Amino acid sequence: MTEPIIAFDKVVKRYGSHIVLDELDFSVAQGEKVTIIGPSGSGKSTVLRILMTLETISGGVIYVGGEPLWHERKNGDLAPAGEAHLRKMRTQLGMVFQQFNLFPHMTVLRNLTEAPRSVLGLSKAEAKARAEELLKLVGLTEHADKFPGQLSGGQQQRVGIARALAMRPRIMLFDEPTSALDPELVGEVLTVIRRLAEEHDLTMLLVTHEMRFAREISDRVCFFDKGKIREEGTPDEIFGNPREERTRQFLSAVREGK
Amino acid sequence: MLFGYSWDTSHGEWAFALSILPMLLRGLVVTIEASIVGFFVAMVIGLALAALKGARSRIVAWPAAFVTEFIRDTPLLVQLFFLYYVLPDYGIILPAFLTGALALGIQYSAYTSEVYRAGIEAVEPGQHEAAKALDITPRRTFTHIVLPQAVPRVIPALGNYLVSIMKDVPVLSVVTVLEMLNVAKIIGDQTFDYLVPLSMVGALYLILTLVASAIVRIVDVSLPKRGLSLR
């Protein structure tokens, strides 16, 4: 196997005395689609938020593309990373949020061109061309000049996906992308994510409660519990024949909830 | 005689009132000018203080918070005297009008900075997270994402301070600024009739503040909210 694009090495995350990630070892291969499932408070969203550098780590090392994410190499040692290093590392990752977090005062088009222009230095025309291509991909071409507030939740989340893709990340993080949506709007968002998974070489890390969807698109499913991976395997193994009692409990609880 | 106009004290109260109106209006213009300059200063310095107070570095945030507290907890008159009588000792000599408008602006910047802060803090944390995930610099996040959402929401609160500033302009009379109240007082001193000029000042002030409030409301309504939900 080639070097993983994401590697967690004994990563610890603590809030005071509460341990969210407990010496987590976890890795993702280039192009792999990994779904993280687990009860709330199991640390699954924290994994994504730490990767996006929205939250710091308390211990351990994370490698993204072979480079330490939260550290810089200095004379062979690892020192805490400065802002410049974090900025450089962040360009490899894109994130889709549960609450969309679109910029409400900007049009859909502007949401997609803001960062490519100000961060990547694209010209207005280049950024617009890229945005229009992505709007086509998520099926929102005719909504380019609307404001997010004029769109449905499902449409907003599709804009959120397009906005993250506009930065051409190698890794896409989806943090419960459909949890804030009305049930009838979930499908359109999942369709877009499925297309991405099937047609692109993106590495995808997805936290979701949509078990059937996870089963369809994932190469691997990780069941998180109490800050650790309790069980991982192919979707068929995890959903079809889980080894751990805790995994079975969780899955049956989720199914009954449906 | 004042501003080249003379008052008519021999044809009754109404003729007197009419004769001093042009003088009071000259004073009113000064009052409006001082308010506008003061408000502008308060908007700019207030925003700067708000930005500094929100800085992550305590070396920046703490002094800004101290300055705000200091400005807010000392009387406008003390600050005005300080600027007017102390600064010239250090070679900074400003005209009375400018000194007064500056003092007003600085005093009110402490209040406007709190208004800005409230607006800035009301912007959802998710906005900062999204900006960070897109690698947008903190500075650009502040100017292009946070402020455009924060400022439209605080326009009414800022506007209220414009009206307050107008009502504090008479304080400038103590440093010889010929704003409306000072003009009225001079007229009273000269004619021994205070009732008419002071009543007129009251009436003109009422009109002024009502008009200012209306303008603030019009600005607030007509400002493009562009997708912002206003609470």
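How many residues lie between β11(A) and β12(A) in the hairpin that they form? In this predicted model, the hairpin of β11(A) and β12(A) has two residues between its strands, and K226(A), which lies in the turn, has a positive phi of about 50°. Strand β11 of chain A covers residues 220-225 and strand β12 of chain A covers residues 228-233, and the two pair in the antiparallel sense over five bridges. Within this pairing, F223(A) has E231(A) in β12(A) as its bridge partner.

Chain B was examined for its secondary structure, which comprises eight helices and zero strands, so that, by the definition of these elements as DSSP runs, the pattern read along the sequence is α-α-α-α-α-α-α-α. The C-alpha trace of chain B spans about 75 × 45 × 25 Å along its principal axes. Among the contacts in chain B with a separation of 6 or more, 74% are accounted for by residues that stand 24 or more positions apart in the sequence.

With regard to burial and surface, chain B has 231 residues, of which 44% are buried, while the accessible surface of the chain comes to about 12100 Å², with 69% of this area belonging to carbon and sulfur atoms. Chain B also carries 16 positive and 16 negative charges, and the mean position of the positive charges and that of the negative charges are 14 Å apart.

Methods: Residues numbered from 1 in each chain as written. Chains lettered and ligands numbered in written order. Predicted model: local features only at pLDDT ≥ 70, side-chain atom pairs only at ≥ 80, totals over all residues. Heavy atoms only, no water. Helix = DSSP H or I, 4+ residues; strand = E, 2+ residues; numbered from the N terminus. Buried < 20%, exposed > 50% of the residue type's maximum accessible area, 1.4 Å probe, protein only. Contact = heavy atoms within 4.5 Å. Areas by Shrake-Rupley, 256 points an atom, 1.4 Å probe, with all protein chains shown as cover. Lys, Arg positive; Asp, Glu negative; His and termini not counted. Charge placed at Lys NZ, Arg CZ, Asp CG, Glu CD. Pairing = 2+ DSSP bridges.
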